[in-house]
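Thank you all for coming; I would like to take a few minutes to walk through one chain, going from its overall make-up to a single residue. Please have a look at it first.

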Amino acid sequence: MRLPGNWYRTSVGRNKDYADGYLGLADTLAATGQNEEAVVQLEAAVAAIPTDTTLQLALGQALLRAGRYGEARSRLEDVVRKDPAGALGRQAAEQLKSVPK
């Protein structure tokens, strides 16, 4: 039996700079209720590719799903600062509205 996300784990293992691999793995983990593991994978992604704003937004969203609201707020605010007029910044700003204080 193949576990969900094996393809993504293999992809990320072979190429640490493959952002889509991290995103797919995190989505798969979140879909199976493994929110904390999704956060771990996205933290590794941001460490490997720190300039990728999409990964930073995904990490903020994963932190939000995991109930880590303070960290989620910080990550989402970083995305807004890095892309204030862009689609990712607008998406992060919208999500910030739903983060408990």
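I will begin with the overall fold, then turn to the core, and end with one position.

Please keep in mind that this is a predicted model, in which local features need pLDDT of at least 70 and side-chain atom pairs count only at pLDDT 80 or more, while totals for chains, interfaces and linings use all residues. Residues are numbered from 1 along each chain as its sequence is written, and side-chain values use heavy atoms, with hydrogens and water left out.

The chain has six helices and zero strands, where helices (H or I, at least four residues) and strands (E, at least two) are DSSP runs numbered from the N terminus. For 101 residues a compact globule would have a radius of gyration near 13 Å, and the chain agrees, because its own value is 13 Å; that radius is taken over C-alpha atoms, and the globule rule is 2.2 Å times the number of residues to the power 0.38. Along the principal axes, the C-alpha atoms fill a box of roughly 40 × 25 × 20 Å.

Of the 101 residues, 39% are buried, which here means under 20% relative accessible area, with exposed over 50% and partly exposed in between (1.4 Å probe, protein chains only). If we take contacts, meaning heavy atoms within 4.5 Å, between residues at least 6 apart in sequence, 40% of them join residues at least 24 apart.

Now to the interior. The largest nonpolar core, a set of buried Ala, Val, Leu, Ile, Met, Phe, Trp, Tyr and Cys residues joined through side-chain atoms within 4.5 Å, has 26 residues, and those with the most contacts inside it are Y22, L42, L55, L59 and L76. Two or more residues each come from α2 (19-31), α3 (35-48), α4 (53-65), α5 (69-82) and α6 (87-96), with α4 giving the most, seven residues. Not counting residues up to four places away in sequence, Y22 touches V12, K16, Q41, L42, A44, A45, A48, I49 and L55.

Finally, which residues does T54 contact, leaving aside its neighbours within four places in sequence? T54, which is found in helix α4, is in contact with L23 and L88. T54 is partly exposed, with a relative accessible area of 34%, and its C-alpha lies 9.7 Å from that of G89, although the two are 35 residues apart in sequence.
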